[in-house]
Amino acid sequence: MPAPSLDDHLNAFVGTSSAECLAVADVIRKLAGAAVEVREAINLGALGNAFAGIAATNAGGDVQKDLDVLADEIFLNAMAGAPVALFASEELENPVVLDRDAHIAIAIDPLDGSSNIETNVSVGSIFSLLPVVRPLEASGIETFLQPGISQLAAGFFVYGPQLALVLTLGAGTHIFVYSPRQNTFVEAYPDVQIAHKASEFAINASNYRHWDSPVRLYVDECLNGSTGAHGRDYNMRWIASLVADTYRILIRGGVFLYPGDSRKGYGKGRLRLVYEANPIAMLVEQAGGLATDCMTRTLEIQPTALHQRVPLVFGSASEVTRIEHYHAEAGQIGERSPLFGHRGLFRS
């Protein structure tokens with residue numbers, strides 16, 4: 001029996017459901033079509049008109065590549081005629097109002113990982129679908145200030161060796177791979193489950209000196225391997241592409257850490273809550289993992305701004321819980337306690 005297509009999956013989701021569910025399915029189909037177009041632009045590489053050139057800085061102050069702008073335009077144009085009231089993007093300072101009577105708002109990072117585009121590393125597009133808050137204010141900003149638990153659906157596309165869509169509609173996480181022959185996405189991994197324990201961790205170790213003690217302690221214990229408190233050996237992975245790191249964890253387990261640190265501008269983390277951390281957290285939780293800001297469940301954080309940044313730790317549940325415990329202990333006894341001066345907080 002052939003694997004179900006994305007359309008099959010969406011049709012089963014809709015069933016006899018509400019107009020809101022019909023709208024979610026329609027938007028995801030539009031996003032999938034746009035992702036194919038973005039992938040074609042990426043595949044042109046340095047031969048394309050929009051690749052690694054620097055356009056400006058985006059709303060969050062990060063360097064904006066020409067390909068960031070192109071991807072944003074492709075996704076925004078794809079929403080024309082879709083049941084989308086509001087479109088918010090990493091590349092735009094404020095939301096765009098499309099159809100005030102529509103059911104859905106979309107928040108998107110149109111090209112995650114674009115800082116590495118010249119090096120041929122996998123990049124992607126992350127999206128979050130939210131219900132519109134009524135009455136709809138002029139700017140629509142209130143809709144995007146809902147906590148992540150309000151999301152109707154979330155997902156991301158990975159532009160790598162294969163074009164993949166990782167998707168949750170609130171009942172499990174599924175991975176679809178694009179088939180050029182069939183001109184559609186086909187389910188490759190139904191109901192993904194993240195391994196409870198990890199043997200890999202992902203973090204930018206060059207920032208070790210800037211981390212708070214609980215993060216350093218956790219990484220030290222990972223590096224101690226089977227002789228340390230964790231009792232097993234770890235490999236370290238860091239792709240510096242959120243979608244690629246997340247995809248790996250969904251497939252084979254692990255934990256990802258992007259904590260806040262002592263550098264200027266990094267105290268509250270660097271990833272965006274609304275259109276990066278929240279959709280990733282929903283996907284991870286629906287796959288049996290956990291996602292936090294080191295202490296608080298990501299999906300319960302109340303956004304205060306569209307481009308708000310947060311720390312993010314996610315992946316295998318036992319590892320995320322351990323990291324939470326380290327931070328809780330630090331808060332209770334103080335990071336300068338001798339307990340945080342050596343390794344082995346969890347040794348009996």
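Helices (H or I, at least four residues) and strands (E, at least two) are DSSP runs, numbered from the N terminus. This is a predicted model: local features need pLDDT of at least 70, side-chain atom pairs count only at pLDDT 80 or more, and totals for chains, interfaces and linings use all residues. Residues are numbered from 1 along each chain as its sequence is written, and side-chain values use heavy atoms, with hydrogens and water left out.

**Exercise 1. Place His230 and describe its surroundings.**

Step 1. Locate His230. His230 sits in the loop between α4 (213-224) and β12 (235-236).

Step 2. Check burial. Buried means under 20% relative accessible area, exposed over 50%, and partly exposed in between (1.4 Å probe, protein chains only). His230 has 7% relative accessibility, so it counts as buried.

Step 3. Look for a polar contact (a pair of N or O atoms within 3.5 Å; within protein, one must be able to donate a hydrogen and the other to accept it, and residues adjacent in sequence count only if both atoms are side-chain atoms). The side chains of His230 and Tyr234 make one, at 3.1 Å.

Step 4. List the contacts (heavy atoms within 4.5 Å). Leaving aside neighbours within four places in sequence, His230 is in contact with Tyr218, Glu221, Cys222, Glu319, Arg322 and Tyr326.

**Exercise 2. Examine helix α4: what is its span, and why is it called largely enclosed?**

Step 1. Take the span. The 12 residues of α4 reach 16 Å from first C-alpha to last. This is close to the expected 16 Å, where the expected span is 1.5 Å times one less than the number of residues.

Step 2. Check burial. In α4, 10 of the 12 residues are buried, so the helix is largely enclosed by the rest of the structure. Among the buried residues are Ser213, Tyr218, Glu221, Cys222 and Asn224.

Step 3. Look past the end. Just after α4, Gly225 takes a positive phi of about 60 degrees.

**Exercise 3. Work out the order of the five-strand open sheet and the pairing around β17.**

Step 1. Write the order. It is β12-β11-β13-β17-β15, with mixed pairing. Two strands pair if DSSP finds at least two bridges between them.

Step 2. Find the edges. β12 and β15 (290-292) each have a single partner strand, so one side of each is left without a neighbour in the sheet.

Step 3. Follow β17 (residues 312-315) to β15. Three bridges join these antiparallel strands. Ala291 stands opposite Phe314 in β17.

Step 4. Turn to β13 (residues 255-258). Four bridges join β13 to β17, again antiparallel. Tyr258 has Leu312 in β17 as its bridge partner.

Step 5. Sort the side chains. In a regular strand they alternate between the two faces of the sheet. In β17, Leu312 and Phe314 point one way and Val313 and Gly315 the other way; all are buried.

**Exercise 4. Describe the hairpin of β9 and β10, then find other backbone features to note.**

Step 1. Pair the strands. β9 (173-179) and β10 (184-189) are antiparallel over five bridges. Ser179 has Thr184 in β10 as its bridge partner.

Step 2. Inspect the turn. Four residues lie between the two strands, and Asn183 in the turn has a positive phi of about 55 degrees. At 57% relative accessibility, Asn183 counts as exposed.

Step 3. Turn to Cys294. Its phi is near 95 degrees, a positive value in a residue other than glycine. Cys294 lies in the loop between β15 and β16 (309-310). At 5% relative accessibility, Cys294 counts as buried.

Step 4. Check for a cis bond. Arg134 and Pro135 are joined by a cis peptide bond, with omega about 0 degrees. Pro135 is in the loop between β6 (123-131) and β7 (153-159).

Step 5. Set these beside the general pattern. Most residues other than glycine have a negative phi, and most peptide bonds are trans.

**Exercise 5. Identify the largest nonpolar core.**

Step 1. Define it. A nonpolar core is a set of buried Ala, Val, Leu, Ile, Met, Phe, Trp, Tyr and Cys residues joined through side-chain atoms within 4.5 Å.

Step 2. Find its centre of contacts. Of 44 residues in the largest core, Phe157, Tyr159 and Phe185 touch the most other members. Helix α2 (residues 19-43) gives the largest share, 13 residues.

Step 3. Note another core. Apart from the largest lies one of 32 residues, including Ala202, Met282, Val284 and Phe314.

**Exercise 6. Judge the confidence of the model.**

Step 1. Take the chain. pLDDT is the predictor's confidence in each residue, from 0 to 100. The chain mean is 91, and 91% of residues reach 70 or more.

Step 2. Find a weak stretch. Over residues 342-348 pLDDT stays under 50. Where pLDDT is low, the predicted coordinates should not be read in detail.
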